[in-house]
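Here is a short tour of one protein chain. Look it over, then follow the report from a single residue outward to the strands around it.

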Amino acid sequence: QQRTVSEEEDASQVKPREIISLEGYAIGDEAKKTDYSLDTSKEDAALAAKSLEVGDAAFILRSDGKWTYAVVTDKTVELDGPSSLRFVVEADSSKTFIEA
């Protein structure tokens, strides 16, 4: 079984919580070295990613080796398997699919 949560989901179905974001960043901006840690293990990063919800922001590692600011647009939760997150990663709304 899986459950998908997206921006279009009825707000009355979602328990309110504060959106995770970082002031001063726009989608696609490269992260400043003071705003992320390279010391985080893959396991800790995966655990943190699982806590992200639709609308939350995060820095993601791009294929060019840069960390950029992105926002979660969809989250799929597998009961007995991996979850997945979809992010807007560019100002033009292009998306990437990240397994978390």
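## Arg62 and its neighbours

Arg62 touches Thr68, Val89 and Glu90, leaving aside residues up to four places away in sequence. The model is a predicted one. Arg62 sits in the loop between strand E2 (57–61) and strand E3 (67–78). With a relative accessibility of 25%, Arg62 counts as partly exposed, because buried would mean under 20% and exposed over 50%.

Two of these contacts reach far along the chain. Arg62 and Val89 are 27 residues apart in sequence, and their C-alpha atoms are separated by 9.2 Å. The contact with Glu90 has a polar side: the side chains of Arg62 and Glu90 make a polar contact at 3.1 Å.

## Three salt bridges

How many salt bridges does a search of the whole structure find? The search finds 3. Arg62 and Glu90 form one of them, with their closest N and O atoms 3.1 Å apart. Arg62 lies in the loop between E2 and E3, while Glu90 lies in the loop between strand E4 (84–88) and strand E5 (95–99), so this pair ties together parts that are 28 residues apart in sequence. Glu90 is partly exposed, at a relative accessible area of 31%. Arg62 is partly exposed as well, at 25%.

Lys75 and Glu53 also meet through their side chains, in a salt bridge of 3.3 Å from N to O. This pair links distant parts of the chain, 22 residues apart: Lys75 belongs to strand E3, and Glu53 to the loop between helix H1 (42–50) and E2. Is Lys75 buried or exposed? Lys75 counts as buried, because its relative accessibility is 6%. Glu53 is partly exposed, with a relative accessible area of 29%.

The side chains of Arg86 and Asp74 form a salt bridge too, at 4.0 Å from N to O. Here the partners are 12 residues apart, with Arg86 in strand E4 and Asp74 in strand E3. Arg86 is partly exposed, at a relative accessible area of 31%. Asp74 is buried, at 19%. The cut-off matters for Asp74, because buried means under 20%.

## Asp56 beside Glu53

The loop between H1 and E2 also holds Asp56. Asp56 is buried, with a relative accessible area of 0%. What lies 2.7 Å from a polar atom of the Asp56 side chain? The backbone nitrogen of Glu53 does. Glu53 thus appears twice in this report: its backbone meets Asp56, and its side chain meets Lys75.

## How the strands pair

E2 and E3 run antiparallel and are joined by 5 bridges. Within this pairing, Phe59 has Tyr69 of E3 as its bridge partner. The two strands form a hairpin with 5 residues between them. In the turn, Gly65 has a positive phi of about 85°. Arg62 lies in this loop between E2 and E3.

E3 pairs with E4 as well. That pairing is antiparallel and spans 5 bridges. E3 and E4 form a hairpin with 5 residues between them. Which residue of E4 is the bridge partner of Asp74? The partner is Arg86. Asp74 and Arg86 are thus linked as bridge partners and through their side-chain salt bridge.

## Covered strands and nonpolar cores

Why is E2 described as largely enclosed by the rest of the structure? The reason is that 4 of its 5 residues are buried. E4 is mostly covered, with 4 of its 5 residues buried.

The largest nonpolar core contains 10 residues. Among them are Ala58 and Ile60, Ala70 and Val72, and Leu85, Phe87 and Val89. E2, E3 and E4 are the elements that give two or more residues to this core. Ala49, Leu52 and Val54 are also included. Val89 therefore has two roles here, because it is a member of this core and a contact of Arg62.

Another core lies apart from the largest one and has 6 residues, including Tyr25, Ala31, Phe59 and Val71. Phe59 is the residue already met as the bridge partner of Tyr69. In a regular strand, side chains alternate between the two faces of the sheet.

Methods
Residues are numbered from 1 along each chain as its sequence is written. This is a predicted model: local features need pLDDT of at least 70, side-chain atom pairs count only at pLDDT 80 or more; totals for chains, interfaces and linings use all residues. Side-chain values use heavy atoms; hydrogens and water are left out. Buried means under 20% relative accessible area, exposed over 50%, partly exposed in between (1.4 Å probe, protein chains only). Contact means heavy atoms within 4.5 Å. A polar contact is a pair of N or O atoms within 3.5 Å; within protein, one must be able to donate a hydrogen and the other to accept it, and residues adjacent in sequence count only if both atoms are side-chain atoms. A nonpolar core is a set of buried Ala, Val, Leu, Ile, Met, Phe, Trp, Tyr and Cys residues joined through side-chain atoms within 4.5 Å. Two strands pair if DSSP finds at least two bridges between them.
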